[in-house]
Amino acid sequence: MAVKITYASLSAPGEDVHRGYEQGLGKVRGTLGLVHPLLIGGKRREVRRTFPDVNPADTRQVLGHFALGSRQDVADAVLAAQQAFSEWSKVRWRERVVLMRRVADLFSERAFEFAALMTLEAGKTRFEALGDVSEAADFFRYYAQEMEEAGGFDPPLDRLSLNEETRSVLRPYGVWAVISPFNFPVALAAGMCAGALVGGNTVVLKPATDTPFSALRLVELLEAAGLPPGAVNLVTGSGDEVGAALVDSPEVAGLAFTGSREVGERIARQFNASRLRPYILEMGGKNPAVVTARADLGKAVEGIARSAFGASGQKCSACSRVYVDRRAYAEFAERLVERTKSLRVGDPSERDVFLGPLINGRAVATYEAAVSEARRDGRVLTGGEVLNEGTHAHGHFVAPTVVDRLPLDHRLMREELFVPFVAVAEVGSLEEALTWANRSEFGLTAGIFSEDANEVRAFFERIEAGVAYANRPGGATTGAWPGVNSFGGWKASGSSGRGAGGPYYIQQFLREQSQTRVT
Ligand code: NAP
């Protein structure tokens, strides 16, 4: 059955969706504990060194053992991708588009199994996980549509004489390194691969160490859809070894990275150390929401709670700071605390759980440090506990947390934490809210709640963010969708100024060739 659930869907899905997901869980549970190879040039490569992939909701459960790739594996994968490039880049764009759509349909057909796998591997609730795989499908659909609407990027240009004909042709670069994060283990790896592939590039994919299984299934799906062997290669393993080897490889033509600012900025410099090459970096955020005195507080509370705590705060677009007009503050804070307390934390495969676990112990340590600073320098309104008893005993569970009374320039108001932790601050005006919202090194997403059209207009004009929303109960700052909300960061949140899932994305994987013929 084809499924499409978005992150901003507010209505409950039907029973058939629940049944399908639960069957998916059953199927995935039957595949656990195996040893998995690398995928290079269409072949499985077993390696001696492996690492365990564990369930963050119950760390006693090992989902599988994955290959710790080496520098040699990376070199072989790059070579395989180079060889595949000579074939794939010559495939006519219309055929590539047909294949991209086949990939999308396969994602939709296998949505329940992918979602169940992401629940077990990344701790995603069923709705977040179904959103993730639906987004992957729509990245492929949207980029195929973009290619088609652009006629394969081959427009005629003007002529200087009557017997001269010129076309501007966008052509692929070659092999792209795709380095993906843990938090959207299918959608974001898929989105970057789709961007590269649709124009005729080939890929070596290095997924996050916490989520290799989802990446393996993704590459298997691409193979099943009919991509030529070597068009996408998978090398699992550590960032320091596999990731660094890819970044160092002189044969890699371009780099698409989604992850933290710290890693992204470092590897972009390394990538361009010996030769300038194109890169696309999508990085972190510290995403603000503004609530004015003219806000509908029902919408604001719902949108902010969903954006702060969806996927347990582990979205680059998570709302982590809120600037509230003094006149609305007391009521807003009380209602946000009440809503936060109503959210269930637990096994993400259960249907009424809103927050699953954090991805690993390091994230729990980040949460604990943030809570203790907030207790010292501000006030914890709700949450603040690590949950490790009863059904939470074996996973990385923490309570969703709302804090206030922090100084507006406090570290917790500036740095990305990537945990379910939102800081609320009182301000005197929209002007003051916008000043603080923009006083950030990041500029990914932002939201406003106001029923006053002038306030919304002022927000859109002045906010320094690549993705801006107004009055969105489905998500104050989260929930972008391919072909609907281009998703890219300004400032330290992104390098290119062009959003994924938007009309200017796939061109970044292509280089222009001007072709002039004199007849
Ligand atoms: P991360 O720690 O930066 O890791 C991202 C990827 O980089 C992983 O595959 C990682 O591998 C790899 N890596 C680490 N060190 C490397 C190195 N020296 N050379 C090459 N690759 C290296 O990020 P994460 O924790 O997975 O994801 C969360 C971050 O991603 C957050 O900051 C979030 O805001 C950001 N994010 C941004 C967007 C966006 O669209 N703007 C979307 C999603 C997430 P290992 O796992 O093996 O370390």
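The ligand takes up the space of the largest pocket. A pocket here is an open set of points on a 1 Å grid over the protein atoms alone, with room for a 1.4 Å probe and protein on both sides within 12 Å along at least five of seven lines; a molecule sits in one if more than half of its atoms lie within 2 Å of its grid points. Keep in mind that this is a predicted model: local features need pLDDT of at least 70, side-chain atom pairs count only at pLDDT 80 or more, and totals for chains, interfaces and linings use all residues. Residues are numbered from 1 along each chain as its sequence is written, and side-chain values use heavy atoms, leaving out hydrogens and water.

**Around the ligand**
- Helix H8 (239-248), strand E10 (254-258) and helix H9 (261-271) each give two or more residues to the shell; helices (H or I, at least four residues) and strands (E, at least two) are DSSP runs numbered from the N terminus.
- H8 gives the most, with four residues.
- Ligand oxygen atoms lie 2.8 Å from a polar backbone atom of serine 180 and 3.2 Å from one of phenylalanine 182.

**Serine 307**
- Serine 307 lies in helix H10 (residues 297-309) and is buried, at 0% relative accessible area (buried means under 20%, with a 1.4 Å probe and protein chains only).
- Leaving out residues up to four places away in sequence, serine 307 touches Ala318, Cys319, Gly475, Ala476, Thr477 and Thr478 (heavy atoms within 4.5 Å).

Terms used
Buried < 20%, exposed > 50% of the residue type's maximum accessible area, 1.4 Å probe, protein only. Polar contact = N/O pair within 3.5 Å; in protein donor to acceptor, adjacent residues only side chain to side chain. 1 Å grid on protein atoms, 1.4 Å probe; cavity = no way out; pocket = protein on both sides within 12 Å on 5 of 7 lines; lining within 4 Å.
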